[in-house]
Amino acid sequence: MFGERRVWIIVIAVVVAGLLFSCIGGFGYLWYQGRGRLRVRPATPAPAATPKPGVTPAPKGATLNLPGADPPTLDPALTTDATSAEYIVEIFSGLVTLNSDMEVVPDIAKSWEVSEDGKVYTFHLRDDVKFHDGMPVTAHDFKYSIERACDPRTASPVADAYLGDIVGAKDKLKGLATEVSGVRVIDEHTLEIEIDAPKAYFLYNLTYPVAFVLDERNVERGGRTWTDHPNGTGPFRLAEYRLGEKIVLERNEHYYGEPKPALARVNYILAGGSAMTMYETGELDAVPVSLVDIERVMDPTNPLHKELTIARTLSTYYLGFNVNKPPFDDVKVRKAFNMAIDKQKIVDVVYKKTVPAANTILPPYFPNYKNEDLEGYPYDPEKAKGLIAESKYEDVSNFPDITLYITGRGGAPPRLIEAVVEMLKQNLGVEVSIQMTDWATFLMDLATGQYQMFSLGWIADYPDPYDFLDILFHSESVTNHTNYANPEVDHLLEEARVEQDPEKRMELYRKIEQMILDDAPWIPLLHGVDYWLTKPYVKGMIYPPIIIPRLKYVSVSK
Amino acid sequence: MIAYVLRRLLWLPVLLLSVSLVTFSLGLYGPGDPVQVLLGQRADPELAERIRHEWGLDRPLSVQFAGYVWRALHGDFGASLVKYRGQPVGRLIGKRLLVTVQLNLVAIALGVAVGIPLGLAAALKKGSWIDHLARIVVIGGISIPGFVIAPILMFIFARQLRILPPGGWGGIFSLKIVMPALVLGKGPIAVFTRQVRANMLEVLPKDYIRTARAKGLPERMVVIGHALKNAFIPIFTILGLMLGGLVEGSFITETIFGIPGIGRLGFEAFWARDYPIIMALTLLVAVAYALANLAVDIGYGFLDPRIRYT
């Protein structure tokens, strides 16, 4: 007769076995597959200290702790997003970069000349630039990097946009050529780049990661996961990357640039959790402030208020019309909708005055570009109703059903959208229904031009009006989701692309922006602003609207 | 018995093949695709086609699926397309899976350690304050959502009292696991409490219990040795299914507490249509549940003398 205990032991054994079964089965094939290290060891031993595996002694100098997110990639040629760029601009660098005033300044290229016709750039490289492992950087490395970025096998999502102006780049990307003929190595420290037209914004393109320099041996030897041990040229090295946990950057002792980084180490905590709480307990030295906490922090009597920085971004959130779909095929209707929205009220009530209302396409604080005096649409419901009467529809009852398409993660639509829909109803008597889909589906429908009206945002990748006005409103641009097509605007945009005189160029863009505003393909709603809290012992921290290398300006004095 | 187990195991490849085929097709034919998500708003149709071609997404379903199965059999489950470009899927999932399984184990252990005794006590002392407490625990545990309890716990213990860390992961023996385990454990605690109580109430009036008492056995022996043992079969089923769910992460809990687990990875992979990750996760869950089910069925054979397999 089996004893009680025996049975229990068997039961427990079975349960544990079942557990082990599923775990071992799962881990087994995953371990087998992912035999590459899960944790990245330091790539090169710093001359001062040789790190023992698993134990990296903190180098001399201070440490900064920041919140971060897992980057989709650390390969500069594949970078499309801000999260990846934030790390990449610290680990890698290129010919030119942007300073904190958003101006193009020399980086690895100490100087350059542009030919008479504006098409040939000759870059003179510094001779003291080294990769993190100490190997010198030459023009050949740039040639390699650009060739790789334009190689169809790399499948770079951004090479067309940023390197496409270079002669031969598009051919190589399409598989019609094996080399980018416009990139030429003159000698070890001289690089020539030829573009297809005298485009005035070309240098901005080169500040983008896709144009950064890579070490050929590093990439080829590393294979698919070469970014585990990147051999870059930036002010910081990648010391450690634990997926989902943290990224540790350490000062590059060979850094050629100015200033030399004061920080010895930067820890990015990737795990998430409550950033505000971690800031208050001192685990993080700077955090973004969410809408929930903004009121508390904006209160001048709150001690946190002194640690607040308000960082403006070059972004606009808007409602877009499909100008080919009724009732938005009539400009008067679009203007009427513009005038029926009380943006200031939305900003006051929904956003508690933490963001500025938008009346123009570009934010009014675009560097070197002034558009505050351009005419937008004031809030005027009476005039709006009048415009509808003047339009070909005469009355809102003649409108087809209107649907506003938004994207989100389920749940209720954002209060901004609810406010807009409510205002349209109250001021015009128009019932707008809302449809929300997930991001991937939204993109798909956006690309096929399904929507009558949609809500979206746009953020500048570099501080030039081209990145807003041309990319979004040129009739042939793939990013033109409103189907806006104005031949006069097209013509002016094309002129502005190659206008060499910067003042004349800005004047052209002002004219263009006013014309676009007059045609009202958008209802600009608000411009994005980030709120950050920074500990008082952190000096030199900046929050620029474009991702630029900034950690080298930061120091910690505890 | 062995024959039975082997027969069950032979179904596993069939299961995996069907699950992967369905998931694969849904991914390919469903709305949205990873190239679009990768390119975002700046999607150039020509560039998109080029990248799709480079990734082999423009080939017919049968070709792509065959390729996937072939590579999978060699242990290559591909690399992430969008969320972590180029990183092999195994590496992405492996570490996170460990974290999720550990967290879930602790949650289930809580369920067993708290739920079973509580249910037992509630059944034995029906109508007493323990019974009422159990009822509150059950209703609360099932109906109050995790995203309500989590911030409350965070506020009390991390912000105000400062006795627990506000988030992150430190392994199974660190303080950081306390709050998320409580949040995830409330479900198992509630379920076990309710189930044990109900089953015990059903078993206690039975004749064989009266016989055992009449024989003069100590009460503890009667309750645990006879009553609980017989009440255990439904519990065992639930436990088995929970073990299958070990590999499922909770997106909400992981996000709130900053835990690098499978839940967040899975959610973001679905959001970005990152097919290789989606496929691997789906297969993982299928295998886990299939094996857990098998373990439970085998367990029955030992637990219930009325059940025998041939």
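What percentage of the contacts in chain A with a separation of 6 or more is accounted for by residues 24 or more positions apart? The exercises below start from this question.

The model is predicted, and local features need pLDDT of at least 70, side-chain atom pairs count only at pLDDT 80 or more, and totals for chains, interfaces and linings use all residues. Residues are numbered from 1 along each chain as its sequence is written, while chains are lettered from A and ligands numbered from 1 in the order in which they are written.

**Exercise 1. Describe chain A as a whole, beginning with the opening question.**

Step 1. Residues 24 or more positions apart account for 68% of the contacts in chain A with a separation of 6 or more, where two residues are in contact if their C-beta atoms, placed from the backbone, lie within 7 Å.

Step 2. Chain A contains 17 helices and 18 strands; helices (H or I, at least four residues) and strands (E, at least two) are DSSP runs, numbered from the N terminus.

Step 3. Of the 558 residues of chain A, 42% count as buried, a residue being buried if 20 or more other C-beta atoms lie within 10 Å of its own, exposed if 12 or fewer, and partly exposed in between, with C-beta atoms placed from the backbone.

**Exercise 2. Work out the order and the edges of two sheets in chain A.**

Step 1. In one open sheet of chain A, six strands follow the order β11-β16-β12-β15-β13-β14, and their pairing is mixed; two strands pair if DSSP finds at least two bridges between them.

Step 2. The edge strands of this sheet are β11 (286-288) and β14 (432-437) of chain A, each of which pairs on one side only, and neighbouring strands are turned by 30° against each other on average, direction ignored. Axes are lines fitted to C-alpha atoms, for helices over the stretch in contact, and angles run from 0 to 180 degrees between N-to-C directions.

Step 3. At one edge, β11(A) pairs with strand β16 (residues 522-534) of chain A in the antiparallel sense over three bridges, and P288(A) has W532(A) as its bridge partner in β16(A).

Step 4. The open sheet of four strands in chain A has the order β4-β5-β7-β6 with antiparallel pairing. Its edges are β4 (109-114) and β6 (183-187) of chain A, each with a single partner strand, so one side of each is left without a neighbour in the sheet.

Step 5. Within this sheet, strand β5 (residues 120-125) and strand β7 (residues 190-194) of chain A pair in the antiparallel sense over five bridges, with L191(A) in β7(A) as the bridge partner of F123(A). Helix α3 (residues 139-149) of chain A lies across β5, β6 and β7 of chain A and runs at about 170° to β6(A).

**Exercise 3. Establish the surroundings of V96(A) and of helix α15 in chain A.**

Step 1. V96(A) has its place in strand β2 (residues 96-98) of chain A and is buried, because 20 other C-beta atoms lie within 10 Å.

Step 2. Although V96(A) and D107(A) are eleven residues apart in sequence, they are 4.5 Å apart in space, C-alpha to C-alpha. Not counting residues up to four places away in sequence, V96(A) touches several residues, among them V104(A), L203(A) and T207(A).

Step 3. Helix α15 (residues 466-473) of chain A is mostly covered, with seven of its eight residues buried, including Y466(A), F468(A) and F473(A). The buried residues of α15(A) pack against β15 (453-459), α16 (487-498) and α17 (502-519) of chain A.

**Exercise 4. Classify a helix pair in chain B.**

Step 1. The axes of helix α7 (residues 146-160) and helix α8 (residues 178-203) of chain B come within 10 Å and cross at roughly 150°. That makes α7(B) roughly antiparallel to α8(B), since angles under 35 degrees count as roughly parallel, over 145 as roughly antiparallel, 65 to 115 as roughly perpendicular and the rest as oblique.

Step 2. The residues that meet include I149(B) and L153(B) in α7(B) and L182(B) and K186(B) in α8(B). The residues of this contact divide into eight nonpolar, one polar and one charged, where Ala, Val, Leu, Ile, Met, Phe, Trp, Tyr, Cys and Pro count as nonpolar, Asp, Glu, Lys and Arg as charged, and the others, Gly among them, as polar.

**Exercise 5. Characterise the contact between the two chains.**

Step 1. In this contact, 55 residues of chain A meet 68 residues of chain B. On the side of chain A that touches chain B, α1(A) gives the most, with 19 residues.

Step 2. By class, that side of chain A has 29 nonpolar, 18 polar and eight charged residues.
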